[in-house]
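Dear colleague,

Please find below the structure that I am handing over to you. The findings follow directly after it, grouped by topic.

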Amino acid sequence: FSISTYNKMWTDAQKDLDIQLQREREEFLEPEKDRVKVFKLLAASYIKYMQIFRNLETAHDQLVHRQKRTVIRQELDGVIGRILEMKKEMVELENSEFHYIDNILEDLKLLPEDIEVPIPRYFVKEKLEVLQQREKILDQILLNAGLQTQKPVKAMTFEEAIKMIQVAERARQGRCRAAFMKQIYLEEKREGQTKLQVQMGPNPDDAATCIQKVWRGYIQRKKTEKMREEEMMFLGMTLPPHLKATSISQMHARQINALQGEVQERQEEVFIKDKLRETEGLNIKETLQDQIGQCFIECRHIIGKFPDYPTEEAGGSMAIFSQKTPEQVAAELAAKKEMALQKKAQKGKKEKEEGKEKVKGKKPQKTGKKVSLPAVKTVKDEGWKMAPSNFLSIMEEGNSQYKAVWQNRDEGWDFLQDHDPELIKEEKREEVEEEIRVQVDELMQQKLENLKLAVDGEKSDKQKKGRKSEKVRAAMMSLVHRTIDSLYRELAEEGLLIKAKTVNLSDYVGEYSYLGTTLRQVDIEPMPSLADVRQLIALYGILPLGSQTVHEKAPLVKALLLAGPAGVGKKMLVHAICTETGANLFNLSASNIAGKYPGKSGLQMMLHMVLKVAKHLQPSVVWIGDTEKIFSKAVPKAEEKMNPKRLEKILPKFLKALKAQDRVLLVGTTNRPFDANLKPFCKVYQKIILIPRPDYASRLGKYFDQVLWKHIILQNGGAITNFLNISCLAKVSDGFTQGHIVQAVQAVLTELRLLQMTRKPLRTAEFMTSLARQDPVYKEEEETFK
């Protein structure tokens, strides 16, 4: 049943994608002058792609079928990339990172949850073993260096285990003895009381009245509590019990998900590939040798000599199997040489012209300025037009593959739905041919050299050059090169490579801004909500780092700045990026690198090491805390020894060394961005995300579910009861950040208070008293951030 459900989900997503691709061809080709209409068009497409993304991701995670997951994965990369391209267009159109599309959501009858960016689970799932192994190595390095605070639990000796059991058994016997003596004492006391009562002669009516009072009070309280619960359920303020409890079906689903990963990791492909190599490998090898040998003979007859064997860079014997005659190949080589000579001549002319222009001075620059002005005007007059996409071809290819192979495929025979052996054979046959071709190339290259020696009496150029290359290699091998493992170890020991905390992006709780569009209509720029921040972190940080294809082809974001008051969760978001993508975390904060790798050469070596390890073990996040200190106008006397400005000049070079194929992200965090010299500061950080203090909606939560307060209280071991008025706490905590709320909750929920919770439930006043001791974020600071 679940397989058919997810197959249907994939089919529905494919239909939606097909419609969306058709819209792309029709709506985005013609220029549009109305900016409002353009934004609505972009926002509607963005929402639709987000729904397709969510369905494809769920289908990819839940389906077991190998070939289906491959097709979905390709389309997922395309859809993610297209979402990022749409986001870039929306940012350029509105000149703002934050967009308010609640009116469009209302028109489409969708909820804010429908545009929440899902984090693909395959980011971590596919390399789980590697990440676990790397975590073990890092733990061991930190433990040996004395930087690990929590040491792993050591195994007990046999004597220690026996001693512990003895202590526990003696304690149990003592408790049993104490309970037995207490029972004897109570029995003796009860006997003494009964003797007194017989002597005094109690009134049975008074006893009955006392019991009735207690019983009626108890029953009435139970009835009142039940009536209150029913009323709250009727008003939609609380969930009914059957929805609160974990159902058997949910538990079953969790078990299936756990087993599913094992099924997805089966090695049928390796088995089929080995079988193909055994059955068809010999025939493929003989056929390739015959074909290459025939090509040698034909070339000898036509040109008069044996050809040079193509290099590996040129494709090896694949170059021989092109559909061209030897004459055509010779003509192409001659044409390429001519083109190369022409290019050299053109370069020489350009260099001469540039030299003349430099001598003349600024005249060519002025003429360039005059020409560029009308060009800009013509673009504005034409109206907005969608920029060319790098991902439409990927999505169209995946869509056509779905239509050709999977749309009308009869799968009645495939009960397990885990793989299709025939499709695997088709894929693996090419791999087997490629492997055998490499082996054949080595044999045929030697055969060609022997033929040249025997027939023409000459040595090949490659033989002559081979000796030189061997000498160069020997010289290169003599140089001492540091391995990645040794660099990794050194960076960890120096405290530059740190262990990321396990925090998911979903743990950063916060609500959507429902008044954004309304405020903008009256020319008031709303403060971004925590849901908006969460979305930007997913779009600019997590999605590009998780997928190589997306990072290479999507709009490149090398550096990200998280700015906001202390306690809003900036560091938590940095750790969340690492957790969701399985990235390494490097800490280059001024306080962390103080006194390490001194001097200019030491600094260059440190950054070179970080860059090398980050690129090799990508994805990686380079974090700079209090990053405004690097670009500060004046260094305070107390921080002069720390030398916080040592990264200022070298940081742009570090970013320049990062290419599109390197999944490395620089993340800076600051709670005082206004102290920095803004020109170099904004040159380094191309994306700046303002993180505000939580608004009332985030503190209280959707449908009065008390998102922030409830989440933090439950996380610290507390229990929510009717004695705790969280709506009051949400109102009172206006101006306080998440960090303030966490501190207030932790101050109240001590170990002793948690033990008293069963008989003394939590009350509102306890948290209010603790919160009042802290300083909130004042309006002046908030306005400065704006």
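**Aromatic pairs and clusters**

One aromatic cluster is formed by Phe631, Phe681 and Tyr685. Please bear in mind throughout that the model is a predicted one. Across the whole structure, the search returns five aromatic pairs. One of them joins tryptophan 215 and tyrosine 218: the ring centres lie 5.9 Å apart and the planes meet at 35°, so this pair is tilted. Both residues belong to helix 8 (residues 204-234), where a spacing of three residues separates them by about one helical turn. Tryptophan 215 counts as exposed, at 54% relative accessibility, whereas tyrosine 218 is partly exposed, with a relative accessible area of 40%.

Another pair consists of phenylalanine 674 and phenylalanine 785, with ring centres 5.3 Å apart; the planes stand at 70°, so the arrangement is edge-to-face. This pair links distant parts of the chain, as the two residues are 111 residues apart. Phenylalanine 674 sits in the loop between strand 5 (664-670) and helix 25 (678-684), while phenylalanine 785 is in helix 32 (residues 779-785). Phenylalanine 674 is partly exposed, at a relative accessible area of 25%; phenylalanine 785, at 12%, is buried.

**Overall composition and the sheet**

The protein has 786 residues, of which 37% are buried. Its secondary structure amounts to 32 helices and six strands. Among contacts with a separation of 6 or more, 82% are between residues 24 or more positions apart.

The six strands form an open sheet with mixed pairing, and their order is 1-3-4-5-2-6. The edges are taken by strand 1 (497-498) and strand 6 (687-690); each has a single partner strand, so one side of each is left without a neighbour in the sheet. The partner of strand 6 is strand 2 (residues 559-563), and the two pair in the parallel sense over four bridges. Within this pairing, leucine 562 is placed opposite isoleucine 689 of strand 6.

**Helix 17 and its surroundings**

Helix 17 (residues 484-493) contains the buried residues Ile484, Leu487, Tyr488, Glu490, Leu491 and Ala492. What covers these buried residues? The cover includes helix 6 (128-145) and helix 23 (599-616), together with strand 1 and strand 3 (584-587). Strand 1 is thus part of this cover as well as an edge of the sheet. After helix 17 comes glycine 495, which has a positive phi, near 80°.

**Cavities**

Over the whole structure, the search identifies three cavities of 30 Å³ or more. The largest cavity has a volume of about 70 Å³. Its lining is made up of Tyr540, Gly541, Pro544, Leu545, Val550, His551, Ala554, Pro555, Leu556, Val557, Val664 and Leu665. By character, 10 of the lining residues are nonpolar, two are polar and none is charged. Helix 19 (530-546), helix 20 (548-553) and strand 5 each contribute at least two residues to the lining of the largest cavity. Helix 19 provides the largest share, with four residues.

Histidine 551, one of the lining residues, is located in helix 20. Is histidine 551 buried or exposed? At 6% relative accessibility, histidine 551 counts as buried, since the cut-off for that class is under 20%. Setting aside neighbours within four places in sequence, histidine 551 is in contact with Pro544, Leu545, Leu556, Lys659, Ala660, Asp662, Arg663 and Val664. Of these contacts, Pro544, Leu545, Leu556 and Val664 also appear in the lining of the largest cavity.

**Arginine 54**

Arginine 54 lies in helix 2 (residues 35-62). At 24% relative accessibility, arginine 54 counts as partly exposed. Which residues does arginine 54 touch, not counting residues up to four places away in sequence? They are Glu113, Asp114, Ile115, Glu116 and Pro118. Proline 120 is 66 residues away from arginine 54 in sequence, and the C-alpha to C-alpha distance between the two is 8.7 Å.

With kind regards

Terms used:
Residues numbered from 1 in each chain as written. Predicted model: local features only at pLDDT ≥ 70, side-chain atom pairs only at ≥ 80, totals over all residues. Heavy atoms only, no water. Pairing = 2+ DSSP bridges. Phe/Tyr/Trp six-rings, centres within 6.5 Å; stacked < 30°, edge-to-face > 60°. Buried < 20%, exposed > 50% of the residue type's maximum accessible area, 1.4 Å probe, protein only. Contact = heavy atoms within 4.5 Å. 1 Å grid on protein atoms, 1.4 Å probe; cavity = no way out; pocket = protein on both sides within 12 Å on 5 of 7 lines; lining within 4 Å. Points joined across faces, edges and corners; volume = space filled by probe spheres on them. Nonpolar A, V, L, I, M, F, W, Y, C, P; charged D, E, K, R; others polar.
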